[in-house]
Amino acid sequence: SSDLVASTYSDVGALKAYYLFAYPQSTGNQFSFKVSDLGWNASAYVYDYFNNIGRVVQPTDMINQTITGSTLYLVVAPIGPSGIAVIGDSGHYVTLGKKRITALTDDGAMHVSIAFAPGETARTVIGYAPNVAPLVTAANGSIWSQSYDDGSGLFSIVVQPGSDGTASLHIAQPTTALTPRPIEPPAPSKPVPGKAAGTNRQ
């Protein structure tokens with residue numbers, strides 16, 4: 001791509017999130033890249049910050065984006081063993097900045113630690129989960145509300161701090177949603193009271 005691009009990243013343990021600003025040049029408004037170009041060699045969720053949309057990509061997928069305004073801003077959030085991507089705090093451009101998201105790990109479930117500034121009563125954490133709303137619990141702090149969009153797979157969690165000014169979330173895919181329920185045979189029909197088999201009452 002010939003567009004002017006600025007980038008940075010957040011390094012949270014074994015997981016990295018990347019942030020890309022692209023500005024159109026006189027030659028056009030198309031921006032193309034691969035996640036592997038950034039140094040990330042696993043699946044990721046590429047989130048269009050200003051348009052609130054995104055998609056799952058593999059490291060070598062070519063991503064072609066159109067810059068519709070003066071700036072395109074993308075957040076590349078890692079997808080770990082859980083299959084979930086935590087994009088981070090929706091109120092900040094650097095959504096997974098260390099001053100806000102102090103820890104992020106994925107051991108088959110996402111574990112997110114959040115720090116609040118003095119006087120803050122709630123922050124909104126967004127992310128992606130495939131197929132079904134994730135199960136979210138708070139080990140510290142509390143969950144004020146949670147929403148999930150079936151079409152996009154995007155979820156939003158409004159989190160409140162505990163007494164120490166932090167919150168800890170556990171985000172996982174429901175196991176029941178991944179295991180189909182067995183189809184049970186229909187129950188045998190019961191005879192109608194007062195009606196003998198093989199007879200018709202007039």
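# Two sheets and two residues: exercises

Strand 11 (residues 123-128) and strand 14 (residues 154-160) pair in the antiparallel sense, with 6 bridges between them. The model is predicted.

**Exercise 1.** Place the pair of strand 11 and strand 14 in its sheet, and find the edges.

*Solution.*
- Step 1. Take a position in the pair: T124 faces V158 of strand 14.
- Step 2. Read the order of the sheet. It runs 8-11-14-13, an open sheet of 4 strands with antiparallel pairing.
- Step 3. Look for strands with a single partner. Strand 8 (85-89) and strand 13 (142-148) each have one, so they stand at the edges and each leaves one side without a neighbour in the sheet.
- Step 4. Add the twist. From one strand to the next it averages 20°.

**Exercise 2.** Work out the order and edges of the sheet that holds strand 9.

*Solution.*
- Step 1. Strand 9 belongs to an open sheet of 4 strands, ordered 9-10-15-12 and paired antiparallel.
- Step 2. Strand 9 and strand 12 (135-140) have a single partner strand each, so they form the edges, with one side of each lacking a neighbour in the sheet.
- Step 3. Neighbouring strands here are turned by 15° against each other on average, direction ignored.
- Step 4. Check the other end of the order. Strand 12 pairs with strand 15 (residues 166-172) in the antiparallel sense over 5 bridges. In that pair, A138 is opposite L169 of strand 15.

**Exercise 3.** Describe the surroundings of A103: which residues does A103 contact, leaving aside neighbours within four places in sequence?

*Solution.*
- Step 1. Locate A103. It sits in strand 9 (residues 101-106).
- Step 2. Classify it. Its relative accessibility is 29%, so A103 counts as partly exposed. The class lies between the cut-offs of 20% and 50%.
- Step 3. List the contacts beyond four places in sequence: V12, H111, V112 and S113.
- Step 4. Compare chain and space for D11. It is 92 residues from A103 along the chain, yet their C-alpha atoms are separated by 9.8 Å.

**Exercise 4.** Is R100 buried or exposed, and which side chains join R100 in polar contacts?

*Solution.*
- Step 1. Locate R100. It lies in the loop between strand 8 and strand 9.
- Step 2. Apply the cut-off: buried means under 20%. R100 has 10% relative accessibility, so it counts as buried.
- Step 3. Find the polar partners. The side chains of R100 and D89 are joined by a polar contact of 2.9 Å. A polar contact of 2.7 Å joins the side chains of R100 and E120.
- Step 4. Widen the view, leaving aside neighbours within four places in sequence. R100 also contacts other residues, among them H92, S113, F116 and R123.

Definitions and conventions:
Residues are numbered from 1 along each chain as its sequence is written. This is a predicted model: local features need pLDDT of at least 70, side-chain atom pairs count only at pLDDT 80 or more; totals for chains, interfaces and linings use all residues. Side-chain values use heavy atoms; hydrogens and water are left out. Two strands pair if DSSP finds at least two bridges between them. Axes are lines fitted to C-alpha atoms, for helices over the stretch in contact, and angles run from 0 to 180 degrees between N-to-C directions. Buried means under 20% relative accessible area, exposed over 50%, partly exposed in between (1.4 Å probe, protein chains only). Contact means heavy atoms within 4.5 Å. A polar contact is a pair of N or O atoms within 3.5 Å; within protein, one must be able to donate a hydrogen and the other to accept it, and residues adjacent in sequence count only if both atoms are side-chain atoms.
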